[in-house]
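Let's take a walk through this fold, going from one piece to the next. Keep the structure open beside you as you read.

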Amino acid sequence: MSESSIAIDIRQLNKWFGQHHVLRDVDLQVRAGERVVVLGPSGSGKSTLIRCVNGLETFEEGELVVCGRPVDARGRRGRSERQVTGMVFQSFNLFPHLTVLDNCTLAPVHVARRPRAEAEAEAMALLERVRIADQARKFPAQLSGGQQQRAAIARALAMRPEVMLFDEPTSALDPEMVGEVLDVMTGLADTGMTMVVVTHEMGFARDVADRVVFMDQGEVVEMADPEAFFTAPREPRARAFVGRIRA
């Protein structure tokens, strides 16, 4: 993997919460355009890892470079660095007092300093892309959970990120709404966007991921293509995990 093709470069990353060693010597390189799904049991460090990538968590040791820009260990990032990554969370985190359209234009106008008309036109195109353009003038509370999460995806894309991070984006949704969000994410993957997705949706991992990263107890235990991981995982902890989801 050439250095120019690496979108995310994580080397010997360590993080503690007090005495709890949350991330242990994590090494992971993600190529530009690659779709990586991070799997593992609860508490394995998956969400903490991508929050470090997005500068939302500090870390104590290691190096982290995103699209050629180093991420400060204390989480400090300049404006240009913050715009490199877009992140979608478990909870939608939309501003409840703003319409869907205003949620999508707030950062482009006030952070990226784009003209409002340009930001609104691009936001409407993104809302059309995630199939909720007809909801643009509504407030988040007037939308279903699936629609709110699709609005959150559009909001993240409105900043034109080079990398998209997803932290359990369907975990807060009712089962009947999961598919509509996964469909949007699959469509985004098809455009060639670099994506790192923390999820328990095994079907998405099988069908969309270029590579599965399995974490346990803060460590990257195994990395493999989806077919190899789900049919013949090498490491005992990965085999136990796959065995549980098959049961």
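Start with helix H9, residues 236–246, which lies across E3, E9 and E10 and runs at about 105° to E9. Bear in mind that you're looking at a predicted model.

One residue of H9 is worth a stop. Phe241 in helix H9 pairs up with Phe214 in strand E9, and the two sit 27 residues apart in the chain. Their ring centres are 5.0 Å apart and the planes meet at 45°, so this pair counts as tilted. Phe214 is buried, at 1% relative accessibility, and Phe241 is buried too, at 6%. Then there's the pair of Phe229 and Phe230, an edge-to-face one with 5.2 Å from centre to centre and 85° between the planes. Phe229 comes out at 0% relative accessibility, so it is buried; Phe230, at 1%, is buried as well. Put Phe214, Phe229, Phe230 and Phe241 together and you have one aromatic cluster. Across the whole structure, the search turns up 3 aromatic pairs.

Now for the sheet under H9. It's an open sheet of 6 strands, with mixed pairing, in the order E6-E7-E8-E3-E9-E10. Strand E6 (85–88) and strand E10 (219–224) each have a single partner strand, so each has one side without a neighbour in the sheet. On average, neighbouring strands here are turned by 20° against each other, ignoring direction.

Look further into this sheet and you'll find E7 (residues 163–167) running parallel to E8 (residues 194–198), with 5 bridges joining them. Within that pairing, Phe166 stands opposite Val197 in E8. Strand E8 also holds Thr194. Is Thr194 buried or exposed? With a relative accessible area of 4%, Thr194 falls under the 20% cut-off, so it is buried. Leaving aside neighbours within four places in sequence, its contacts include Ala7, Val30, Arg31, Glu162 and Val163.

Helix H1, residues 46–53, lies across this sheet as well, touching E3, E6, E7, E8 and E9, and runs at about 150° to E7. H1 also lies across E1, E2 and strand E4 (61–66), at about 120° to E1.

Those strands belong to another open sheet, where 4 strands pair antiparallel in the order E2-E1-E4-E5. Its edges are strand E2 (20–31) and strand E5 (69–70); each has a single partner strand, so one side of each goes without a neighbour in the sheet. E1 (residues 6–17) pairs with E2 over 8 bridges, and Ile10 stands opposite Leu28 in E2.

Last stop: helix H4, residues 116–129. At 1.5 Å a residue its 14 residues should span 20 Å, and the end C-alpha atoms are indeed 20 Å apart, so the two agree. Which residues of H4 are buried? They are Ala119, Ala123, Leu126 and Leu127. Viewed down the axis of H4, these buried residues fall within an arc of 100°, so they line one face of the helix. The general rule helps here: an α-helix has 3.6 residues a turn, so residues three or four places apart point the same way. The buried residues of H4 pack against helix H3 (100–110) and helix H5 (145–157). On the face turned away from that buried side, H4 carries the exposed residues Ala117, Ala121 and Glu128. Just past the end of H4, Arg131 takes a positive phi of about 70°.

Conventions
Residues numbered from 1 in each chain as written. Predicted model: local features only at pLDDT ≥ 70, side-chain atom pairs only at ≥ 80, totals over all residues. Heavy atoms only, no water. Pairing = 2+ DSSP bridges. Axes fitted to C-alpha atoms, helices over the stretch in contact; angles between N-to-C directions. Contact = heavy atoms within 4.5 Å. Buried < 20%, exposed > 50% of the residue type's maximum accessible area, 1.4 Å probe, protein only. Expected span 1.5 Å × (residues − 1). Arc of directions from axis to C-beta. Phe/Tyr/Trp six-rings, centres within 6.5 Å; stacked < 30°, edge-to-face > 60°.
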